[in-house]
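Subject: Structure handover and notes

Dear colleague,

Please find below the structure that I am passing on to you, together with its sequence. My notes come after it, and I would be grateful if you could read them with the model open.

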Amino acid sequence: MARIAGVNIPTGKRVPISLQYIHGIGPMFAEQICEAIKIDRARRVNQLSDAEVLAIREYIDANFTVEGDLRREVTMNIKRLMDLGCYRGLRHRKGLPVRGQRTHTNARTRKGPAKPIAGKKK
C-alpha cells in the first residue's frame, strides 16, 4: 500500500482517484499532479514504481498544504473569525449556518435536532 502525506492510498484504484483520499487534494489537483509528474491517468497505484510514488510524495510536499497542516490552518482561520467577533465568527460560535442560508426552516444539520417549545400547552 502506498503511503503519501501520512495516508495509505488504495492500491487497486487509478492514480487520480487514489490521490483524492488525501485531505486537500480534489479532482482538479489530482489531475494536475499526474500531469506534472507525467503519470498516465489510466494506471493503477499498484503499477507505479517506488520512484514514481516518491516523485508524487515530493511534488505534493512542495506544492500543496494537505492533511494535518490544512486542517490546522482551517481551524485557526475559524478561531480568528470567532476571536474578532465578526458576523461569520458569531455564526460559527453559535453553531448556525455561516454562508447566508435560511434558518427559519431547514439548517437542521448545523442547529441539531428540533427542540420543542417548553410551556406551550393546548
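The notes below go through the core, the aromatic rings, a helix pair and some single residues.

This is a predicted model, in which local features need pLDDT of at least 70 and side-chain atom pairs count only at pLDDT 80 or more, while totals for chains, interfaces and linings use all residues. Residues are numbered from 1 along each chain as its sequence is written, and side-chain values use heavy atoms, with hydrogens and water left out.

I begin with the core. The largest nonpolar core (a set of buried Ala, Val, Leu, Ile, Met, Phe, Trp, Tyr and Cys residues joined through side-chain atoms within 4.5 Å) has 19 residues, and those with the most contacts inside it are Ile4, Val15, Leu19, Ile22, Ile25, Ile56 and Ile60. Here buried means under 20% relative accessible area, exposed means over 50%, and partly exposed is in between, for a 1.4 Å probe and protein chains only. Two or more residues of this core come from each of strand E1 (2-4), strand E2 (7-9), helix H1 (15-19), helix H2 (27-37) and helix H3 (50-63); helices (H or I, at least four residues) and strands (E, at least two) are DSSP runs, numbered from the N terminus. With neighbours within four places in sequence left aside, Ile60 is in contact (heavy atoms within 4.5 Å) with Ile4, Leu19, Ile22, Ile25, Ile33 and Val66.

Val7, in strand E2, is buried at a relative accessible area of 14%. Not counting residues up to four places away in sequence, Val7 touches Ala2, Tyr21, Ile22 and Glu67, and its C-alpha atom is separated by 6.4 Å from that of Ile22, although the two are 15 residues apart along the chain. Glu67 lies in helix H4 (residues 67-84) and, despite its charge class (Asp, Glu, Lys and Arg count as charged, Ala, Val, Leu, Ile, Met, Phe, Trp, Tyr, Cys and Pro as nonpolar, and the others, Gly among them, as polar), counts as buried at 16% relative accessibility. Beyond its neighbours within four places in sequence, Glu67 is in contact with Ala5, Val7, Tyr21, Ile22 and His23. Of these, Ala5 sits in the loop between E1 and E2, counts as partly exposed at 25% relative accessibility, and has a phi near 55°, a positive value in a residue other than glycine.

Turning to the aromatic rings, a search of the whole structure finds two aromatic pairs, where rings of Phe, Tyr and Trp (its six-membered ring) pair if their centres lie within 6.5 Å, and planes under 30 degrees apart count as stacked, over 60 as edge-to-face and the rest as tilted. Tyr59 and Phe64 form an edge-to-face pair, at 6.1 Å centre to centre and with 65° between the planes. Tyr59 is partly exposed, with a relative accessible area of 21%, whereas Phe64 is buried, at 14%. Together with Phe29, these two residues form one aromatic cluster.

How do the helices H4 and H5 pack? The axes of H4 and helix H5 (residues 87-94) are 7 Å apart and at an angle of about 105°, the axes being lines fitted to C-alpha atoms, for helices over the stretch in contact, with angles that run from 0 to 180 degrees between N-to-C directions. H4 is therefore roughly perpendicular to H5, a term for angles of 65 to 115 degrees, while those under 35 count as roughly parallel, those over 145 as roughly antiparallel and the rest as oblique. Ile78, Leu81 and Met82 in H4 meet Arg88, Gly89, His92 and Arg93 in H5, and by class this contact has three nonpolar, two polar and two charged residues.

Two residues of the loop between H5 and helix H6 (108-111) also deserve a note. Ala107 is in that loop, is buried with a relative accessible area of 16%, and has a positive phi, near 60°. Gly100, also in the loop between H5 and H6, counts as exposed at 72% relative accessibility.

With best wishes
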